[in-house]
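Please open the structure in your viewer and keep the selection tool at hand. The tour below goes stop by stop, naming what to select and then what is there.

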Amino acid sequence: EFIKGRSEKYQAYYKRYYKRPDAGGLINEVFFSNFLSGNYMTDAGAVNITDGILKQNLLLARDAIFDWTYKGVDRGFGRLLEKISLSLIKGALLNGYQERAVWQLNLRLSFKEYFSQKEVKNVSEIISDLRKNMEKKVCSDTLIPLESDREYYYAVGQLTAYLFSLNKSKDKNQSLLNPFLNARTDEMIKKRLRQVYKRYNYRIPDYYKRVKNLLGMVEGYESDGKVDQEMIILGYVDNSMLYNKED
């Protein structure tokens, strides 16, 4: 379990799976809300799903998922699952289903770890080290610069979640997330963050050192590489480092 979720429904699924049909059932439940298993062989035009993102990804991936689950075909499956899972997680967040997005991200990271077993560090170690380093920097008495794109995009997710939490209106439009989840450049992300900050900064206490540290770290780092959308999402849905336990 990479990110702690609250739903007992998803908690029950988090265990080791040794048979592909069981893992395929998890893909059906968590990624596709039980729409996949009954639509493996359905004509595309007859697939009755109103969620456009869900339907699009189901049609794109169902053959490969079936082949991996029931025929043992591995070729290209890991890369395809990475692609469609990111799209499905974004769709869940944009529709306001954060708990579902948390468990979809958990499943995505679990498959990444499964397919990268030969790497020196596994995914869980990478995330654990990332959290420790970031918490140390956020809680520091002095500003400590970010050291990598991974830290930066995680920090962007944490800051975005905090700024959105300052919105006290009843109508919390999740589409505000869209520019962050689909930004193509660091410049676009910083521009949008400044806009959101200007809207809600009057709610930030002057003494709030952790927020100042996070803001300073994000403003002081420039990324020239590809935007790491997975790290933004991880930072966004992960427990906030900006609050003390008593807060």
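Select helix α5 to begin, since in this predicted model α5 gives the most to the lining of the largest pocket, with seven residues. Two further elements, α2 (20-31) and α6 (123-138), join α5 (98-115) as those that give two or more residues to the lining of the largest pocket. With these three helices coloured, add Lys15, Tyr17, Ser110, Phe111 and Tyr114, which lie nearest the centre of the largest pocket among the 31 residues that line it. The space in the largest pocket comes to about 810 Å³, and by class its lining has 15 nonpolar, seven polar and nine charged residues.

From the pocket, turn to the enclosed spaces. How many cavities of 30 Å³ or more are there? The count comes to two, and each can be found by selecting the residues that line it.

For the largest cavity, which has a volume of about 110 Å³, select Phe31, Ser33, Asp51, Ile53, Leu54, Leu88, Gly91, Ala92, Asn95, Tyr97, Arg100 and Gln104, the residues that line it. Colouring by element shows that α3 (52-71), α4 (77-94) and α5 each supply at least two residues of this lining, while α4 gives the most, with three residues. If you colour by class instead, the lining of the largest cavity has six nonpolar, four polar and two charged residues.

The second largest cavity has a volume of about 30 Å³, and to find it you can select Met134, Val138, Tyr154, Gln158, Leu214, Met241 and Leu242, which line it. Here α6 and α7 are the elements that give two or more residues to the lining. By class, the residues around the second largest cavity divide into six nonpolar, one polar and no charged.

Keep α7 selected for the next stop, and add α10. Helix α7 (residues 149-165) and helix α10 (residues 209-219) pack at an angle of about 135 degrees, with their axes 10 Å apart. Because angles over 145 degrees count as roughly antiparallel and those from 65 to 115 as roughly perpendicular, this angle makes α7 oblique to α10. Their crossing is left-handed. On the α7 side, show Tyr152, Ala155, Val156, Gln158, Leu159 and Tyr162, and on the α10 side Val211, Leu214, Leu215 and Val218, since these residues make the contact. The contact of α7 with α10 has nine nonpolar, one polar and no charged residues. Gln158 and Leu214, which take part in this contact, also belong to the lining of the second largest cavity.

For the last stop, leave α7 in view and exchange α10 for α11. What angle do α7 and helix α11 (residues 229-237) make where they pack? The angle is about 40 degrees, with the axes 7 Å apart, which makes α7 oblique to α11. The crossing of α7 and α11 is right-handed. The residues to show on α7 are Arg150, Tyr153, Tyr154, Val156, Gly157, Gln158, Thr160, Ala161 and Phe164, and on α11 they are Met231, Ile232, Leu234, Gly235 and Tyr236, which together make the contact. By class, the residues of the contact of α7 with α11 divide into nine nonpolar, four polar and one charged. To finish, centre the view on Val156 and Gln158, two residues of α7 that take part in the contact with α10 and also in the contact with α11.

Terms used
Residues are numbered from 1 along each chain as its sequence is written. This is a predicted model: local features need pLDDT of at least 70, side-chain atom pairs count only at pLDDT 80 or more; totals for chains, interfaces and linings use all residues. Side-chain values use heavy atoms; hydrogens and water are left out. Axes are lines fitted to C-alpha atoms, for helices over the stretch in contact, and angles run from 0 to 180 degrees between N-to-C directions. Helices (H or I, at least four residues) and strands (E, at least two) are DSSP runs, numbered from the N terminus. Angles under 35 degrees count as roughly parallel, over 145 as roughly antiparallel, 65 to 115 as roughly perpendicular and the rest as oblique. A crossing is left-handed if the near helix is turned anticlockwise from the far one by less than a right angle, and right-handed if clockwise. Contact means heavy atoms within 4.5 Å. Ala, Val, Leu, Ile, Met, Phe, Trp, Tyr, Cys and Pro count as nonpolar, Asp, Glu, Lys and Arg as charged, and the others, Gly among them, as polar. On a 1 Å grid over the protein atoms alone, a cavity is a set of points where a 1.4 Å probe fits but cannot get out, and a pocket is an open set with protein on both sides within 12 Å along at least five of seven lines; lining residues have an atom within 4 Å of a point. Grid points are joined across faces, edges and corners, and a volume is the space filled by probe spheres set on the points.
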